[in-house]
Amino acid sequence: MKAVSVFPGSREVKVIEQKEPGISQPDQVLLRILDVGICGTDWEICTFEYGTPPPGDDYLVIGHESLAEVVATGSAVERFQPGDLVIPSVRRPCPHPGCLACRSGHQDYCYTGDFTERGIKEAHGYMTEYVVDHERYLNLVPPGLREFAVLAEPLTVAEKALAQVSWMMRQRPPWLDPATPAEERGRGLSALVLGVGPVGLLGAMVMATAGFTTYVYSRELPPSPRIDLVTAIGATYVSSQATTLADLAKQVGNIDLVYEAAGHSHFALEALGWLGTNGIFVLTGVPGVQAFTESDSARRMRDMVLKNQILLGTVNAGPDDFASALRDLELFRQRWPEAVQTLIAGRYPPEQAPELILGRQKGIKTVIAFDSSSG
Ligand code: BGC
């Protein structure tokens, strides 16, 4: 079977042939991969800045945003049957008995850093025809979401962030009603999303759905399908080429939440200076090496203290975040049917994966399809 792989030693990205895997433990499930999304992390792995092959291998099969179909189940598998659609999670726990996060099924909060991530860190990924995984790492997808479910993994980034942010917002500020229903968590508050890549756009959809008055700020100028999507979901798009952050802050008023999805450290640091009183700044980007920059750290520190601000980093996702992502995808589909159609730029065969990952992304999300029946 085909597997899109990166060879860091020889600096190559190519499609290789591999033997099909089989079930060897009772809790395992054999999956046929349908879709795999391409993201910035894949680009970093394929430019040899990030990612690590499994111990003993000189290559890594990439791909972590996936959608698969169950082909066969081990004798102890209870939740799945052949034909079910599933999304495997990415991170696997570290082996250390003392890691409370991993030992309690919360490997997205691993303390030791010795976790593995399929398609990223020391474990082969999903950009291949068949994989085997343990039942506990799979999330069931409603059949109606076949076309868009590959977006669930990048959507979990925003879901995890919102879960954290709404918890904090219920604890503080104290005048917000802790009993506010989940779908109105952002009512009366503003959210500023930085970046118009898939993580930024899906983040904007999550924030708008939660009731935040949502702004999206990026370099992009019209005409652009990304800007059209922002407008279609009722958010306001502002280009950094036309408006400074200072002017944007005047327009927004108190910026209650910043959701950073641009992966640019200087831009993030600059935006942090415009976070409002009692605001929360969420960082989701994982930048590679970027130019060193000086910043007014005393001013940042003074602001954060005097304005009760929170700086929150968030990575990976747990089962609850996958469940919320699948719920929200269905909601987005009902609420913005046309906009959701534009999220997936196209489906391409695995042979084109290397050039698509390394080239400039044309639409919003490019998908590698292993199911030749999908168009
Ligand atoms: C993936 C996460 C992963 C992170 C860091 C992201 O692209 O979606 O699952 O934890 O990269 O490796």
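## The sheet β2-β1-β4

Val 6 stands opposite Val 13, a residue of β2. The structure shown here is a predicted model. Strand β1, residues 2-7, is joined to β2 by 6 bridges, and the two strands run antiparallel.

These strands belong to an open sheet of 3 strands, in the order β2-β1-β4, with antiparallel pairing. Its edge strands are β2 (12-17) and β4 (60-61), each of which pairs on one side only.

## Strand β15 and its neighbours

Strand β15 covers residues 257-260, and both of its faces are covered. On one side Leu 257 and Tyr 259 are buried, and on the other side Val 258 and Glu 260 are buried.

Which strands pair with β15? Strand β12 (residues 190-194) is joined to β15 by 4 bridges, and the two run parallel. Strand β16 (residues 280-283) is also joined to β15 by 4 bridges, and this pair runs parallel too. Val 258 takes part in both pairings: Val 258 is the bridge partner of Leu 192, and Val 258 stands opposite Phe 281 in β16. The connection from β15 to β16 involves helix α7 (residues 265-272), and the three elements make a right-handed β-α-β unit.

## Helix α4

Helix α4 runs over residues 198-209, which is 12 residues. At 1.5 Å a residue the helix should span 16 Å, and its end C-alpha atoms are 16 Å apart, so the two values agree. After α4 comes Gly 211, whose phi is positive, near 95°.

How many of the 12 residues of α4 are buried? The number is 10, so that α4 is mostly covered. Among the buried residues are Gly 200, Leu 201, Leu 202 and Gly 203. The list also includes Ala 204, Met 205, Val 206, Met 207, Ala 208 and Thr 209. In an α-helix there are 3.6 residues a turn, so residues three or four places apart point the same way.

## Aromatic rings and charges

A search of the whole structure finds 3 aromatic pairs. One of them is formed by Phe 332 and Trp 336, with 5.6 Å centre to centre and 40° between the planes, which makes the pair tilted. Phe 332 counts as buried because its relative accessibility is 1%. Trp 336 counts as buried as well, because its relative accessibility is 8%.

Charged side chains also lie over rings. The charged end of Arg 91 sits over the ring of Phe 115, at 3.5 Å from its centre. Lys 14 lies over the face of Phe 7, and here the distance from the ring centre is 4.7 Å.

## Cysteines

How many disulfides does a search of the whole structure find? The search finds 0. Why does Cys 39 have no bond to Cys 46? The sulfur of Cys 46 is the closest cysteine sulfur to that of Cys 39, but it is 10 Å away, which is too far for a bond. Cys 39 is buried, because its relative accessible area is 18% and the limit for buried is under 20%.

Cys 94 is in no disulfide either, and its nearest cysteine sulfur, that of Cys 102, is 3.8 Å away. A disulfide needs the two sulfur atoms within 2.5 Å. Cys 94 counts as buried, because its relative accessibility is 2%.

Note on methods
Residues numbered from 1 in each chain as written. Predicted model: local features only at pLDDT ≥ 70, side-chain atom pairs only at ≥ 80, totals over all residues. Heavy atoms only, no water. Expected span 1.5 Å × (residues − 1). Buried < 20%, exposed > 50% of the residue type's maximum accessible area, 1.4 Å probe, protein only. Pairing = 2+ DSSP bridges. Right-handed = clockwise from strand over helix to strand, strands pointing away. Phe/Tyr/Trp six-rings, centres within 6.5 Å; stacked < 30°, edge-to-face > 60°. Lys NZ or Arg CZ within 6 Å of the ring centre and 35° of its normal.
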